[in-house]
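Me: I'd like to go through the charged pairs and the cysteines in this one. Can you take my questions as they come?

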Amino acid sequence: MEKEKKILYSGMQATGTLTLGNYLGALKNWVGLCDEYECFYGVMDLHSLTVRQNPTEFRQNARKLYALYVAAGLDPEKNCVYYQSHVSAHAELGWILDCFTYMGELNRMTQFKDKAAKHADNINAGLYTYPVLMAADILLYQADVVPVGVDQKQHLEITRDIAERFNNLYGEVFTIPEPYIGKAGAKIMSLQEPTKKMSKSDENVNATIMLLDDRDTIIRKFKRAVTDSDTEVRYGEDKPGISNLMDIYACVTGKTHDEITAEFAGKGYGDFKLAVGEAVADELAPLQKRYEELIKDKAYIEHCIKENDDKARYFATKTLRKVQKKVGLTELIR
Ligand code: TRP
């Protein structure tokens, strides 16, 4: 690894297909970061096990996520795009860090409380220690920066706390990661309830644009998007539906809110919604085409997975061995 580059780590869970929100809020902004950072992006399949998965669908979804990363522009020659479960050091460091994390800290995690409420029939220990595995992900690669959304901020905080606690006991083992503050990824809201985040698990299919939705579906969903009884394309807290559409349009066209307001002055919401739908469909078309090619090219994808798994394993194992030694586990006999 080139020493002068800082290290960046991120990933997404391997459940379901990605939404436009995942793309505009995260993935699209990751593309190009490899010029400045040594980037690692995981398919976080171990984290997905915290909710019950259908094995066949799960395996397909993980592969789909891998192909979407690459199709979106994460060049696997320049970014280490790999499977979390293929690098056993994640689980091993996760266990060690469990022993350096207090229940009191985990009890404060708002995502655990939300998920426990949502999956009341399956509040498993993995759901509880989820943030510790996430800390292991980040710390194994000595990441300097982690791009995360607001919902993951608390998990990055606990990662820093665990790392600092460990370093205080054993010396400078872990790099303390910072949140990556870059070009702000937009927070995309539901098209049906624009005060709620766009979510892949929304029961209302019209609320969410899936990355692999076809052109007609995308345009239809935007036509049905909830707005307000006004007619003005203007950004404001009193207009959550229109503001969300303006954010989306701004993200894909690069226009400012003022430019958008000017562009649609005197036109109705219908014209605006159609324009947003078409712009999004145009933006996603090349990604979808690349995805279709990739998902059929098993040999290429598997080559990329293998190369990057090996690379990830090399760096992760280095940190794990150091940690094992520090805590006093007996070294492997060779
Ligand atoms: N918890 C993250 C999410 O749901 C996914 C994730 C797992 C992650 N490990 C990570 C993100 C490490 C950044 C760094 O979005």
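Me: In which helix do Lys306 and Asp310 both lie, and how many residues apart?
Reply: In this predicted model, Lys306 and Asp310 both belong to helix 13, where four residues, about one turn of the helix, separate them. Their side chains form a salt bridge whose closest N and O atoms are 2.9 Å apart, and Asp310 counts as partly exposed because its relative accessibility is 33%.

Me: How many salt bridges does the structure hold?
Reply: The structure holds 19 salt bridges. Among them, Arg234 pairs with Glu232 at 3.4 Å, N to O, and Arg234 also forms a salt bridge with Asp238, with the closest N and O atoms 3.2 Å apart.

Me: Is Asp238 buried or exposed?
Reply: Asp238 counts as exposed, at 53% relative accessibility, whereas Arg234 is partly exposed at 28% and Glu232 is partly exposed at 39%.

Me: Switching topic, how many disulfides are there?
Reply: The structure holds zero disulfides.

Me: Why no bond for Cys39?
Reply: The closest cysteine sulfur to that of Cys39 belongs to Cys34 and is 5.8 Å away, which is too far for a bond, because a disulfide needs the two sulfur atoms within 2.5 Å. Cys39 is also buried, at 1% relative accessibility.

Me: And Cys304?
Reply: For Cys304 the closest cysteine sulfur is in Cys80, at 11 Å, so this pair is likewise too far for a bond; Cys304 is buried, with a relative accessible area of 4%.

Me: Which residues gather in the patch of positive charge on the surface?
Reply: That patch is made up of Lys318, Lys322, Lys325 and Lys326. Lys322 lies in helix 13, which covers residues 298-327, and Lys322 counts as partly exposed at 41% relative accessibility.

Methods. Residues are numbered from 1 along each chain as its sequence is written. This is a predicted model: local features need pLDDT of at least 70, side-chain atom pairs count only at pLDDT 80 or more; totals for chains, interfaces and linings use all residues. Side-chain values use heavy atoms; hydrogens and water are left out. Patches are made of residues with over 30% relative accessible area and no salt bridge: like charges are joined within 9 Å, nonpolar side chains (Val, Leu, Ile, Met, Phe, Trp, Tyr) within 5 Å. Accessible areas come from the Shrake-Rupley method with a 1.4 Å probe; for residues, only the protein chains shown count as cover. A salt bridge is a side-chain nitrogen of Lys or Arg within 4 Å of a carboxyl oxygen of Asp or Glu. Lys and Arg count as positive and Asp and Glu as negative; His and the chain ends are not counted. The place of a charge is taken as NZ of Lys, CZ of Arg, CG of Asp or CD of Glu. Helices (H or I, at least four residues) and strands (E, at least two) are DSSP runs, numbered from the N terminus. Buried means under 20% relative accessible area, exposed over 50%, partly exposed in between (1.4 Å probe, protein chains only).
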